[in-house]
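Hi everyone, thanks for making time this morning. I'd like to walk you through one structure, so let me put it up on the screen.

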Amino acid sequence: MSSLISIQSVSKSFTKGKTVITPLDQLTLEVARGEFLSLMGPSGSGKTTLLNLIAGIDTPTSGEIIINGENIAALSRAQLTKWRSVHVGYIFQLYHLVPILSAYENVELPLLLSKMSRAERREKVLAALDLVGLADRADHRPSELSGGQEQRVAIARAIVHDPDLLVADEPTGDLDRESADSILQLLNELTEKFGKTVIMVTHDPKASAAAHRSLQLEKGKFIEDGHLLNKQPAEQ
Amino acid sequence: MLPFTYALRNLFRDPSRLLQTVGGSALVVFLLIAAVALTRGMDEVLSASGSTQNVLLVGKGSEESIERSEVPVAAESATATSVVGIAEKLGVTAVSGEIFYQAPVLTEDGTKGPALLRGVFESALLVHVQVRLIDGHFPSPGEVMVGHLAHRKLGVPASQLEVGKSIFWGNEELKISGIFVAPGTVLESEIWFDRNDLASLTQRDSLSSVTLRMDTAELEDIELFTFQRNDLELSAIREDRYYAKLSEFYEPIKLMTWVTAILVAAGAVFGGLNTLYAAFAARIKEMATLQSIGFGRVALFISLIQESLLATMTGTLLAFLAAYFLLDGRTVPFSTGTFTLVLSPAVILAGLSAGLLLGLIGTIPPAARCLLPKLPSALRSN
């Protein structure tokens with residue numbers, strides 16, 4: 001299976017006052033195309049920092065992050081913005097939907113960055129909403145949806161432009177068990193039916209168990225013994 | 001780019017903040033319109049009042065105030081006979097010896113108001129060529145004619161200064177014989193007396209000034225005359241320069257107008273900025289989310305600019321509506337006369353520019369605060 005993500009000796013550090021903080025220290029990681037990887041660890045272990053680096057939201061202090069053959073650590077902020085618009089879908093714990101826009105309009109946002117016609121956009125948005133089971137809620141505002149539905153809209157927004165990579169920061173952290181399970185099932189479907197690569201940060205062992213592989217981070221490093229291989233990623 | 005409707009809908013997220021922004025910008029623009037209209041109105045009326053063809057002969061040392069000037073009565077005929085090249089009409093030389101006086105007068109309804117009084121003979125019409133009688137006739141002894149804005153200076157309704165009505169000064173009753181216009185000049189606010197009447201009422205045996213209209217004569221010729229007749233103790237000044245100097249005299253008042261407008265506007269601007277800060281600060285996470293989706297900072301900045309421009313330009317529109325109903329065409333009396341506030345193209349341009357600048361420059365600091373934080377921390381902001 002080919003590798004979508006190759007992280008080589010990545011470190012991230014910043015200064016706070018006179019103290020240098022290193023949330024990630026010389027990390028190396030390979031993630032296969034179509035893999036569902038979960039990152040676990042206590043607060044401050046560096047898992048969200050790693051997720052942000054993979055998503056092109058942050059840049060490393062040193063090392064290489066090669067995604068789909070491109071070293072995104074070398075891209076400028078503007079280049080990263082453009083790169084994200086094509087290659088990444090980000091799913092947040094608190095959904096981060098735009099409250100004044102309907103579910104349809106929220107999902108449409110990533111497509112506004114491409115040169116699609118209104119009709120093409122409509123087709124894709126409705127397909128994404130249909131995939132997450134919310135085609136009948138297209139005109140609803142976020143305030144008119146439940147937490148689970150909001151997260152589904154956020155997932156539809158993350159996949160509508162067909163990115164290779166989905167990153168999810170505690171996607172079930174704010175949901176009840178039932179909603180959380182359905183979101184995890186949806187993420188699994190995205191890897192298995194559509195070949196998406198999913199990297200998920202979670203505190204929840206049950207959520208982690210839904211992934212193909214789970215890695216434990218502590219103080220900016222992977223714990224060797226914490227590796228779990230739950231199941232094999234789908235064949236491409 | 002984000003669709004324009006995003007900016008439009010964001011406006012209505014918080015109606016109270018929208019009201020503050022619109023109201024604040026309306027106040028700033030209205031004050032600016034008022035200040036520009038006021039200073040331009042004053043400047044224009046003073047510059048229109050002076051002609052480059054007219055020369056004022058005033059008493060030496062009184063070049064800045066006709067009121068204080070003393071000119072011998074003999075100076076009028078001496079000027080008419082000695083200076084070559086003065087304009088003439090039907091054989092009458094365009095030289096007008098005048099008495100200028102400021103005093104309160106009483107109208108028939110018992111209102112007493114400050115008035116600008118000018119004692120003249122009919123030759124005044126040869127030098128003040130803008131003056132045109134629109135009703136009645138030139139005043140004979142015991143009569144006056146009034147400028148059509150004199151009522152504004154007196155603070156009475158126009159009906160109190162109609163032909164046939166009277167004004168009172170001391171024990172004297174003076175019948176209004178005519179009404180004149182002199183478009184855009186301070187003369188329109190004056191009350192013109194028969195010169196002999198005003199001389200006896202003010203107990204003056206001298207003139208305030210002699211005004212003459214040049215034809216082929218030049219200022220140097222008239223200055224030469226004043227040197228030759230230094231016994232008359234005259235000083236010559238072109239009428240337009242006299243009014244330009246008078247305009248300088250009002251600079252502190254104009255400055256105060258601006259200072260007051262700027263102080264009030266500054267309060268409104270800071271209030272508006274504070275509102276925008278609060279409005280944008282509440283959306284740091286949303287802006288970060290849009291950036292994480294792939295929208296660039298420039299696109300988001302443009303959307304924020306569109307949003308605040310919509311608010312400030314709505315305020316600007318309201319300011320223009322208020323100015324149209326409250327200011328346009330309104331006459332404002334000042335010590336030398338009366339001027340009219342006009343929403344001229346220059347005033348409109350100043351108001352529009354203020355609205356645009358408020359929307360553009362006022363957005364930069366709060367937008368920067370909203371868009372500049374690093375994405376990871378912005379995504380975690382509350």
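Let me start with a question: over residues 259-369 of chain B, what percentage of the chain is helix, and what percentage is strand? Helix accounts for 77% there and strand for 7%, with the end C-alpha atoms 30 Å apart. Please keep in mind as we go that this is a predicted model. That stretch, residues 259-369 of chain B, carries a UniProt annotation, from an unreviewed entry, as "domain: ABC3 transporter permease C-terminal".

UniProt also has a feature earlier in chain B. The unreviewed entry places "domain: MacB-like periplasmic core" at residues 21-215. Here the span is 28% helix and 36% strand, and its end C-alpha atoms lie 58 Å apart.

Now to the packing. The largest nonpolar core has 89 residues, and B:Val28, B:Leu32 and B:Ile33 are the ones touching the most other members. Helix α2 of chain B, residues 15-49, is the top contributor to this core, giving 17 residues. Both domain 1 (4-48 + 250-380) and domain 2 (61-232) of chain B put at least three residues into this core. If you'd like to zoom in on one residue, try B:Ile33. Leaving out residues up to four places away in sequence, B:Ile33 touches B:Ala319, B:Ala323, B:Leu327, B:Val347, B:Ala350 and B:Gly351. There is also a second, separate core of 84 residues, which includes A:Leu51, A:Leu113, A:Ala128 and A:Ala207.

Next, where do the two chains meet? The contact takes 16 residues from chain B and 16 residues from chain A. On the chain B side, α1 (4-11), α10 (284-293) and α14 (375-380) each supply at least two residues. The largest share comes from α10(B), with six residues. By type, the residues on that side of chain B are six nonpolar, six polar and four charged.

Last stop, a bit of strand detail in chain A. Strand β1, residues 3-16, pairs with strand β4, residues 62-67, in the antiparallel sense over five bridges. One of the residue pairs to look for is A:Ser6 with its bridge partner A:Ile66 in β4(A). On to strand β5, residues 70-71: β4(A) pairs with β5(A), also antiparallel, over two bridges. In that pairing, A:Ile67 has A:Glu70 as its bridge partner. β4(A) and β5(A) make a hairpin with two residues between them, and in the turn A:Asn68 has a positive phi of about 55°.

That's my tour, and I'm happy to rotate the view for anyone.

Terms used. Residues are numbered from 1 along each chain as its sequence is written. Chains are lettered from A and ligands numbered from 1 in the order in which they are written. This is a predicted model: local features need pLDDT of at least 70, side-chain atom pairs count only at pLDDT 80 or more; totals for chains, interfaces and linings use all residues. UniProt positions are given in the numbering used here, feature names are shortened, and annotations may be inferred rather than shown by experiment. Helices (H or I, at least four residues) and strands (E, at least two) are DSSP runs, numbered from the N terminus. Two residues are in contact if their C-beta atoms, placed from the backbone, lie within 7 Å. Ala, Val, Leu, Ile, Met, Phe, Trp, Tyr, Cys and Pro count as nonpolar, Asp, Glu, Lys and Arg as charged, and the others, Gly among them, as polar. Two strands pair if DSSP finds at least two bridges between them. A nonpolar core is a set of buried Ala, Val, Leu, Ile, Met, Phe, Trp, Tyr and Cys residues joined through C-beta atoms within 7 Å. A residue is buried if 20 or more other C-beta atoms lie within 10 Å of its own, exposed if 12 or fewer, and partly exposed in between; C-beta atoms are placed from the backbone. Domain bounds come from an automatic or database domain assignment.
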